[in-house]
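Here are my notes for you to read with the model open. Have a look at the structure, then go through the points in order.

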Amino acid sequence: MSSNTATGNRNLVPIITMMFLFAMISFVTNMAAPFGNIWGNQYPWSGMLGNLMNFAAYLFMGIPAGKMLARVGYKKTALYALILGFVGLGVQYLSSIIGTGTAVFHTVVDNTDYLGVTTEETVAVTLNLFIYLLGAFICGFCVCMLNTVVNPMLNILGGGGKKGNQLLQTGSSLNSLAGTLTPMLVGALIGSVTPKTSMSDVAPLLFIGMGIFAISYFVISLAKIPEPALERAKADKAAGKAPMKFEHSPWKFRHFVLGAIGIFFYVGIEIGIPAELNFYLSDASDKGAGLIVNGAAIGGAIVAVYWLLMLVGRVASGFISGLISTRIQLLTVSGLGSILILIAIMIPKESRLDVPTFIYNPESKTETILKNIGVGESDIASFKAAPEAFVWSENYDNPDTEEVEDINLRAALYDEAKVKVEDAPKMLNTPSIPLSAIFLILCGLCTSLMWGGIFNLAVEGLGKYTEQASGIFMMLVVGGGIMPLIQHNIIASALGYMASYWLVIAMLLYLFYYAVVGCKNVNKDIPVD
């Protein structure tokens, strides 16, 4: 048996373990979105707070996680992370049973009814919201630590270079797969999130997550994972050498510093492209994409294609990364991404494309909406046959049930889908979206290759400083919370949705520069052994 084959067999178990952890990262992260919808129905300003807490944890835990990695090794860091994940989900569950009736402060929210009348209402912000946010923050620590473990370990197991990037991209594809499947699991467990949905409704999902963390802890505790830093320290001690000294830091390497900035921008790019597109498609005003009804549902379906294309790109990269250099890949996707977004900005909104039914089926979606508000099967058929003639009663009784329900269909339709009755017939029409949206979702193929490529190039040649570098990288993931905020709240508010993508082009051009010049290690004189 050749030495390469023996090494490959020895690394098989830790590689599979790291791949599993990569999937766990996405599982935890993607639970925040449906949970945010639940809180957003109660307090409109709170929908993104769970995601914000996840990103904030990276800022606080990134560097400590890197130091922990160097001190106690990959396996113990992963085990500590899994414990935090278990605790974090447990705390989120507690938010469904503790503090639901304890007001912390009161806030004023605007409520617009089906008649278009907006009124102010004072509501109590209860303690359980803050318990949930604490749980999300703890889960953010977990995800940060897992990211700190899996990225350098896969790079090391692959031997760096093309093979290291190949393993990173394969792991990223499993991350994307978990990110695609998690919302489907949420939908299977709780169905549609409505104003009546609470954290108690997602308790089964939290228990499933806690069970996965517990099983993962058991599996990883039995797995043998290489510990390069610890093994070096043990060998030095046996040879009577002094403990390894870190005379410098990753910040002394120019290519790492530029790569760290690249990661900050990359996460902003990856999240900013679909997030702003979703806002654009969901906005029924003149500033939006021109979708009068069901804009949020259509936007969600279109944006899902972006994430699907990221999965496709990462799977493809897992095959080609052993043949094409990381630098060439990053050069290509950053340049192509810039061109795609430039085209999207330049195309007028009037150039439109019908949404395929396999992405958004207006008839099926309309049936779901009408069922959710209590319309009977026979009346749904009547609406589909003659939508203009349908009577939207304010004291409707479902003919399929014996109970007298007295439903205000006008109010129910608006509460469920934010559709006024005069626009209801348009729900059955095939919607069209600006052609620019197609070029934006195609960017998913480009962003899919960037994370592994930037990490691979930035840690190349760092040696004993790799673990510290991984922690710094994780800290700068906070860019995913900062750059989209600048794009949406500042640029889009002032100049419009599509104009905000000039910021994304600027960040992509920086990554192009990094692939051309910035990734070169000009500090080879610094000892790294």
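1. Start with the buried side of α10: its buried residues are T326, Q329, L330, V333, S334, G335, G337, S338, L340, I341, A344 and I345. Keep in mind as you look that this is a predicted model. The helix covers residues 326–346. Its 21 residues reach 30 Å from the first C-alpha to the last, close to the 30 Å expected at 1.5 Å a residue.

2. One α10 residue to pick out is I328. Is I328 buried or partly exposed? Its relative accessible area is 37%, so I328 is partly exposed, as that value falls between the 20% and 50% cut-offs.

3. I328 also belongs to a nonpolar patch on the surface, along with V315, F319, I320, L323 and I324. Together the six named residues have about 560 Å² of accessible area. Which helix gives the most to this patch? That's α9, residues 295–320, with three residues.

4. Now the aromatics. A pair of rings is described by the distance of the centres and the angle of the planes. The count here comes to 17 aromatic pairs. One of them is W251 with F256, which sit 5.9 Å centre to centre with 70 degrees between the planes, an edge-to-face arrangement. Y306 and W307 have ring centres 5.1 Å apart and planes at 85 degrees, so that pair is edge-to-face too; the cut-off is over 60 degrees.

5. How exposed are the partners in these pairs? F256 is buried, with a relative accessible area of 0%, whereas W251 is partly exposed at 42%. In the other pair, Y306 is buried at 1%, while W307 is partly exposed at 34%. So each of the two pairs joins a buried ring residue to a partly exposed one.

6. If you're already looking at W251 and F256, follow the ring pairs onwards: they link W251, F256, F455 and F473 into a cluster.

7. Last stop is T107, which is found in strand β1, residues 103–112. Why does T107 count as buried? Its relative accessibility is 17%, and buried means under 20%, so T107 makes the cut. Leaving aside neighbours within four places in sequence, T107 is in contact with W45, E121, T122, V123 and V125.

Key:
Residues are numbered from 1 along each chain as its sequence is written. This is a predicted model: local features need pLDDT of at least 70, side-chain atom pairs count only at pLDDT 80 or more; totals for chains, interfaces and linings use all residues. Side-chain values use heavy atoms; hydrogens and water are left out. Rings of Phe, Tyr and Trp (its six-membered ring) pair if their centres lie within 6.5 Å; planes under 30 degrees apart count as stacked, over 60 as edge-to-face and the rest as tilted. Buried means under 20% relative accessible area, exposed over 50%, partly exposed in between (1.4 Å probe, protein chains only). Patches are made of residues with over 30% relative accessible area and no salt bridge: like charges are joined within 9 Å, nonpolar side chains (Val, Leu, Ile, Met, Phe, Trp, Tyr) within 5 Å. Accessible areas come from the Shrake-Rupley method with a 1.4 Å probe; for residues, only the protein chains shown count as cover. A salt bridge is a side-chain nitrogen of Lys or Arg within 4 Å of a carboxyl oxygen of Asp or Glu. Helices (H or I, at least four residues) and strands (E, at least two) are DSSP runs, numbered from the N terminus. The expected span of a helix is 1.5 Å times one less than its number of residues. Contact means heavy atoms within 4.5 Å.
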